[in-house]
Amino acid sequence: MDLTVPSRPTLAPPLRQPPPAPPAPAPAGPGVPPPASPMGPPPAVHDALVCVALPSFALSAPHGQLTGHGIEGVYTAGRRVLGRCRLRVAGREPVTLQGRLVSAGRAQFTAVVPVAAGPGPDPDIGIERTRDADGTERITFRSSAGRPVRVPVEIALGTDLADLGTIASGRPRTDLRPTVHEAGLRWTAGDGGRTTVTADPPPDTTLASAGLLRWDLEVRPGTPRTLTLAVRSVSPHRPRPVGATPGHGLTDAHAEGDDPRVDRLLRASLADLRALLVRDPAHPSDLHLAAGVPWRCGPAPAEALWAARMALPLGTRLAVGTLRTLARTQLGGPGPGAGFLPGPLRDAGPHLPPGCTGTEATLGFPAVLAEARRWGLPEQDLAELLPAAERCLHWLRTTAGEDGLLADPGDRGPSGLQRAETQAHAHRAALLGAELLEACGRPGADHWRDWARALRLRFREAFWLDDPAGGRPAAARTLAGRPVPHLGGTAAHLLDTGLLGGGRYAEGLLDKAQTEQLARLLGSPAMDSGWGLRGLGAREPGHNPFGHRSGAVRVHETAVAVAGLAAAGHEREAGSLLRGLLDAAEAFAYRLPEMYAGDQRTTGSVPVPHPAACRPAAIAAAAGVHLLAAVAGIRPDAPARTVALHPLRGAPLGAVRLSGLCVAGEPFAVRVSRLGLGMVEEAAPGLQLGV
């Protein structure tokens, strides 16, 4: 696909300024809810600057003022602890010239304001605001005037202490009434939650009735003056922040090469993964990833597993923490649900009912454990987690139908709908689970290999739809056996077969000819938008370029497709999707959202954001790691003390070097030349290069 690569869009000053401050509403008393009102649409977040260090995050408009509108504000543990932080200097709002993220957890805003009377248009006071994820803000004033000037500064503060779900509903809310506390203000909710904002230096005047802090600052030329606001909150349910204890479970990996964007993508991916890490307060040694900010900071078992799997090149600690966390939720007992990992339903597009992510997580558990072992999972962790993997396989054995196909769970057993992606997850779980059982001296390996062989035959018979164009896999089969023929991004999971010993990938559900046809379909303009893989083909009924599962580009599925196509030898299709996703990453400043519009790429176009997409998102950040590992073709087998390299021979990104990875518990570095040849530059002692 011969397309012009656009440069990353930049902010053109001046930025859109915030609307004028409305008259202050009458505050509600502590615990008094606002009047009931109809639900409105959820606030858009696509243009917000999002600082993240869970359990806290801050969402700011590019102008930097927190106006209390929409979803703007500082959040901790799912509650908005600060909604308004509006700066006025010399009676006017500064003109913001630039707003940007300087790290995953910090935003910076540059503004100016004229103070001294001068003959020209040049402003004489520069303002730099930095805002951290926890709400800490530093406001620095610099003067270019020829003499000291006195600057009246006013900051209007407010919050409703509303939970994120209430804010997402779009219902109007009213700020709580503050009280003066220390060098600032305090707000208290009816359930005991509270927020305190303190200022350094203390304000000259504090007006609690209006939520105002005021200073009369003298700013001398060449001598900056800084105000610091600190936000402290108390929440009834506050998880322990990762930063409270040392270590984050991810290595300090680096990338370099002919295409400088590989380093930027990897650095942004690492920063976002670390920002999304959370701990269970009852088990603080176990790390796992929240799904994404702002909407999905709670448990998302399937996505946490897939993100941990994609991040295995950065070490196995994240996988261990995720697997332990999910094992504690596993259903016990002798009933039909024994071994199941509960999970919420997820939208599946216009042609299928919502799918159960619990099924996906249950089938993913043994596969992630098996692949973590290949990357160097310590034996004691394997021994601890193996029983939970066996229970997942037990659930699969007792839930699959007589024909070997796995249907969606229903209130009274299987519902009858059989999804293609579910069969792919089940097949992978069986083959990787068999190797896991065999390696650990547990029974059942032969059974699962036989079961997987039968599933392959049944799938090829029941799901492959022949047509004059070469055929396609059905997305699902109904209870009556009717195929759902629509082609979507979930078909990429049919290529994700799983890593076995000796650097081999497991056999897939499709035969060679069917795999070649699927590669052609995924590489066609109907599926490859030029920015990544569409969730539903552009020619399919119900296609919507903004649809969650009906046409938007989902970063995770695009990365799965790239790795699967590369492993199957279809490098042209893999390279096209890879380059499209990297170009999209550049347009999004390398912080990829979970999805964006699936509009067809044209010369000079840029990818269009989705208004409700999480950004950052765990599986999108982990996808950056997964893509680069696929480019290098790293296939470790730590128990056998080997690692194989199968880089993309066409070297679609030119020469690439990855360092700071982790194989067998030791640093690992690999280089891929412009000719597509791979070479290990650093590895654990005794680790041999495999075939």
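The exercises below work through the cores, one sheet and one helix of a predicted model.

**Exercise 1.** Identify which residues touch the most other members of the largest nonpolar core, and which helix gives the most to this core.

Solution. The largest nonpolar core holds 153 residues. Within this core, Leu314, Phe365, Tyr596 and Ile634 touch the most other members. Helix 12, residues 618-632, gives the most, with eleven residues. Another core, of 40 residues, lies apart from it and includes Cys85 and Leu217.

**Exercise 2.** Find the strands at the edges of the open sheet of five strands.

Solution. The strand order is 3-6-11-16-15, and the pairing is antiparallel. Strand 3 (66-67) and strand 15 (205-207) each have a single partner strand, so one side of each is left without a neighbour in the sheet. Inside the order, strand 6 (residues 84-89) is joined to strand 11 (residues 149-158) by six bridges. Cys85 stands opposite Leu157 of strand 11.

**Exercise 3.** Describe the span and bend of helix 6, then relate its buried residues to the contacts of Phe365.

Solution. Start with the span: helix 6 (residues 379-399) has 21 residues and reaches 30 Å from its first C-alpha to its last, close to the expected 30 Å. Next, the bend is about 40 degrees at Leu385, with Pro387 following within four residues. The buried residues of helix 6 include Leu385, Ala388, Ala389 and Cys392. Finally, the residues in contact with Phe365, leaving aside neighbours within four places in sequence, include Leu385, Ala388, Ala389 and Cys392. An α-helix has 3.6 residues a turn, so residues three or four places apart point the same way.

How values were computed
Residues are numbered from 1 along each chain as its sequence is written. This is a predicted model: local features need pLDDT of at least 70, side-chain atom pairs count only at pLDDT 80 or more; totals for chains, interfaces and linings use all residues. Side-chain values use heavy atoms; hydrogens and water are left out. A nonpolar core is a set of buried Ala, Val, Leu, Ile, Met, Phe, Trp, Tyr and Cys residues joined through side-chain atoms within 4.5 Å. Buried means under 20% relative accessible area, exposed over 50%, partly exposed in between (1.4 Å probe, protein chains only). Helices (H or I, at least four residues) and strands (E, at least two) are DSSP runs, numbered from the N terminus. Contact means heavy atoms within 4.5 Å. Two strands pair if DSSP finds at least two bridges between them. The expected span of a helix is 1.5 Å times one less than its number of residues. The bend at a residue is the angle between axes fitted to the seven residues ending there and the seven starting there.
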